[in-house]
Amino acid sequence: VIDDTNALVWEDHQIDTVVFNHLNAQGNLPAVGTLLPSQFIGIGMVQDLLIKTNGPYSGIIYNGIEVLTFNFGNEVDDIYVNETSEAIHLMNLGAGDDNVTIRSISGPLIINGDGGRDIVHVSSDEQKLDRINAFLAFDGGQDDDVDELVLDNSADEDADDVLNVTRHIVQVESMELNEVNTTEDADK
């Protein structure tokens, strides 16, 4: 039956969302996935599928999405963010010693760790941060494991001397901050 039930729906007023759940992985090998601007591949999804004369298709392909949420389970995850769209991206890593490698982002990316030692490494293949063109946030979670955010801008000779970090200790070659006292810093 074809009707006009959605005749009053305006796409410009809608928020298109994709939720990816990978919660019950089994085995000792890491679940490896790669995020691209319009595709998420890996994590055991089909690769190079041919349907008659169409394809090859791999993973999940999307277009025009405003919010992408990735929920990972308690296994070890190795996620590669080669590039993102301008959508909002939310990654919930779950427990396990997870690794996220970020090369380039065009839309906000919020990463929530959980149990386990989570490491987020941010740098282009050229060891620069100039391809991080949107908001990036990482919260390692409330567990006792040591989580890391690694920012590698070592090849950028014109690097800015400004780094905004909240909540935890920062140590890089050009600066060393051993204590964070936000109340005293705010008064200055």
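**Close-up views of a predicted model**

**View 1. T34 stands opposite Y80 in strand β8.** Here β2 (residues 31–36) and β8 run parallel, joined by 5 bridges. Strands are DSSP runs of E with at least two residues, helices are runs of H or I with at least four, and both are numbered from the N terminus. On β10, Y80 has T101 as its bridge partner. The model is predicted: local features need pLDDT of at least 70, side-chain atom pairs count only at pLDDT 80 or more, and totals for chains, interfaces and linings use all residues. Residues are numbered from 1 along each chain as its sequence is written, and side-chain values use heavy atoms, without hydrogens or water.

**View 2. Seven strands make an open sheet.** The 7 strands follow the order β6-β3-β2-β8-β10-β12-β14, with mixed pairing. Two strands pair if DSSP finds at least two bridges between them. The edges belong to β6 (60–61) and β14 (148–151). Each has a single partner strand, so one side of each lacks a neighbour in the sheet. For context, the chain holds 1 helix and 16 strands.

**View 3. From β8 to β14, the neighbouring strands run parallel.** Strand β8 (residues 77–81) is joined to β10 (residues 99–102) by 4 bridges. D78 faces N99 of β10 across this pairing. Next, β10 meets β12 (residues 119–122), again in parallel, through 4 bridges. There I102 stands opposite V122. The last step takes β12 to β14 over 4 bridges in the parallel sense. I119 lies opposite E148 of β14.

**View 4. V81 is among the best-connected members of the largest nonpolar core.** A nonpolar core is a set of buried Ala, Val, Leu, Ile, Met, Phe, Trp, Tyr and Cys residues joined through side-chain atoms within 4.5 Å. This one has 23 residues, and F40, V81 and I102 touch the most other members. The elements giving two or more residues to the core are β2, β7, β8, β10, β11 (109–112) and β12. Strand β7 gives the most, with 3 residues. Strand β8 is mostly covered, with 4 of its 5 residues buried. Buried means under 20% relative accessible area, exposed means over 50%, and partly exposed lies in between (1.4 Å probe, protein chains only). Leaving aside neighbours within four places in sequence, V81 is in contact with L35, M91, V100, T101, I102, R103, S104, I105 and L109. Contact means heavy atoms within 4.5 Å.

**View 5. F40 and F72 form a tilted aromatic pair, one of 6 aromatic pairs in the count.** Their ring centres are 6.4 Å apart, and the planes meet at 50°. The pair links distant parts of the chain: F40 sits in β3 (residues 39–42), F72 in β7 (residues 67–72), 32 residues apart. Rings of Phe, Tyr and Trp (its six-membered ring) pair if their centres lie within 6.5 Å; planes under 30 degrees apart count as stacked, over 60 as edge-to-face, and the rest as tilted. Both F40 and F72 are buried. F20 and F70 join F40 and F72 in one aromatic cluster.

**View 6. The side chains of N71 and N21 make a polar contact of 2.8 Å.** A polar contact is a pair of N or O atoms within 3.5 Å; within protein, one must be able to donate a hydrogen and the other to accept it, and residues adjacent in sequence count only if both atoms are side-chain atoms. N71 belongs to strand β7, and N21 to strand β1 (residues 17–22). N71 counts as buried because its relative accessibility is 19%. N21, at 47%, counts as partly exposed. Besides N21, the contacts of N71 beyond four places in sequence are V19, F20, H22, L23 and N92. T69 is 48 residues from N21 along the chain, and their C-alpha atoms are separated by 8.4 Å.

**View 7. The whole chain has 188 residues, 29% of them buried.** Among contacts with a separation of 6 or more, residues 24 or more positions apart account for 45%. The accessible surface is about 12600 Å². Carbon and sulfur atoms hold 48% of that surface. Accessible areas come from the Shrake-Rupley method with a 1.4 Å probe; for residues, only the protein chains shown count as cover.
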